Amino acid sequence: MNKPDEKKSRWTRFSAWVNGKSVIIPEEDLFPGGDLRPAPGKKCGREFCRSAEREGERLYSFLSGYTFAAVVVGVIVIGILMATVMALPRFGQPDNPTNNEVSQRYLEKGEEETGAPNAVSGMILNYRGFDTFGESCVLFLAVSCVFMLLLRDEKNTHPKDLAQIAREEAADDSSRDVILQQVSSMIIPFIFLFGIYTLLNGHLSPGGGFSGGSMLGGGLILYVAAYGSRKIQRFFNGKVYNIARVCGLMLYAILFGYYIFTGANGLPNHIPLSIGGLILPIDVAVGLVVACTMYGFYAMFTKGEL
Amino acid sequence: MISTIFTVLGLVFILAGVFVFFTSVLGIFRLHYVLNRLHAAAVGDTLGIFCILIGTILMRGWSVISFKTLLILVFMWLVSPVASHLLAEMEYLTHPDIGKKCEVERR
């Protein structure tokens, strides 16, 4: 880095001063692959050094612009929220919007309009389906971000580390806990059975997509903990995982979009209300997303691959 | 007459379960080493939950809810000792000098 100070603007110098150093990009960030970096003993070629330097400056200027944009966006969002708070009604008034007729209608007409005897299910999956769709998207995005940060495969990990992981896995496979395996073989089928029962019965009894999906995810986690990830890859590898995750969210989006576009009471004409109408397939979709999220978190944080 | 007997029996069982849970909580707070505390907690998870669930079944009479309670009991008895076993095994594997704390059988 030959005299980078002259090229810096005032803002970048100020942010570097705030950060406590003048050059903030360490070498590891420039070469995440590890293969591109020259060996420590070898002197790097001039071309390579120059391109790396240029890359570092580009990244640095991008980062400083990023900070500025983040501050601007944050101030705008805070201003909007403050203005909204000003427009809220006073606390505790009897004619506030929270005390209107909507909640009463949910309870009185919920069963005949949504087809779900369980009022909570009818509320969260039918009247407020967009809200639940947002929650599913949050789960999907969360597990995607964890994948970005923690996934280890041959594209972003050094071969040495991969070999080390494989050795540890083999050592774990040779010394699995027998007690855990025996008990798991007894209770895992019942966990899956109860999870599916809760999933499919969400419109009739307490339960639904979120609780049933978490039971399914817990069963998957127990299976991996007892038998190792090589066993589960026979029926649940990364490809199946991604297909299930994406299909769950897509199923929800398509069904609920169809429901909204046909006037929000169209689908019960095709799926009779006596079996729950729209609630049952949406429950299944939410359950898929939740189960994949739980299992994905476990797999990423323990091993870094599916 | 019979229902009175069952109610009294159930009360006795529930009181015994409360006593077991009391000793278990006392042990968790009183003991200091991991394995001792694990032992105290496991007593509450097996004997205490057995006494309380049997007591509720006796007081409630034979119905679907009692059957579900029995299923809960079976599940807890299957799962809780395994969880304790795994915790103890983890302590055995990761504690650097466990030989000083207790007598270990080398595998």
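The legends below describe three close-up views of a predicted model.

Residues are numbered from 1 along each chain as its sequence is written, while chains are lettered from A and ligands numbered from 1 in the order in which they are written. In this predicted model, local features need pLDDT of at least 70, side-chain atom pairs count only at pLDDT 80 or more, and totals for chains, interfaces and linings use all residues, with side-chain values based on heavy atoms and with hydrogens and water left out.

**View 1. Helix α6 of chain A and its two faces.** Helices here are DSSP runs of H or I with at least four residues, strands are runs of E with at least two, and both are numbered from the N terminus. Helix α6(A) covers residues 129-150, and its end C-alpha atoms are 32 Å apart, which agrees with the 32 Å expected for 22 residues at 1.5 Å a residue, where the expected span is 1.5 Å times one less than the number of residues. Among its buried residues (under 20% relative accessible area, with exposed meaning over 50% and partly exposed in between, using a 1.4 Å probe and protein chains only) are Gly129(A), Ser136(A), Phe140(A) and Phe147(A). The buried residues cover an arc of only 160° around the axis, which puts them on the same side of α6(A); the arc is that of the directions from the helix axis to the C-beta atoms. An α-helix has 3.6 residues a turn, so residues three or four places apart point the same way. The face turned away from the buried side carries the exposed residues Phe130(A), Val138(A), Leu141(A), Met148(A) and Leu149(A). The cover over the buried residues includes α5, α9, α11 and α12 of chain A.

**View 2. Ser229(A) in helix α10 of chain A.** Ser229(A) lies in α10, which runs over residues 229-232, and is buried, with a relative accessible area of 9%. Its side chain makes a polar contact with the side chain of Glu169(A) at 3.2 Å; a polar contact is a pair of N or O atoms within 3.5 Å, where, within protein, one must be able to donate a hydrogen and the other to accept it, and residues adjacent in sequence count only if both atoms are side-chain atoms. Leaving aside neighbours within four places in sequence, Ser229(A) is in contact (heavy atoms within 4.5 Å) with Glu169(A), Val224(A) and Lys303(A).

**View 3. The helices of chain B.** Chain B has four helices and zero strands, and its C-alpha atoms fill a box of roughly 60 × 25 × 20 Å, taken along the principal axes. Buried residues make up 25% of its 107 residues.
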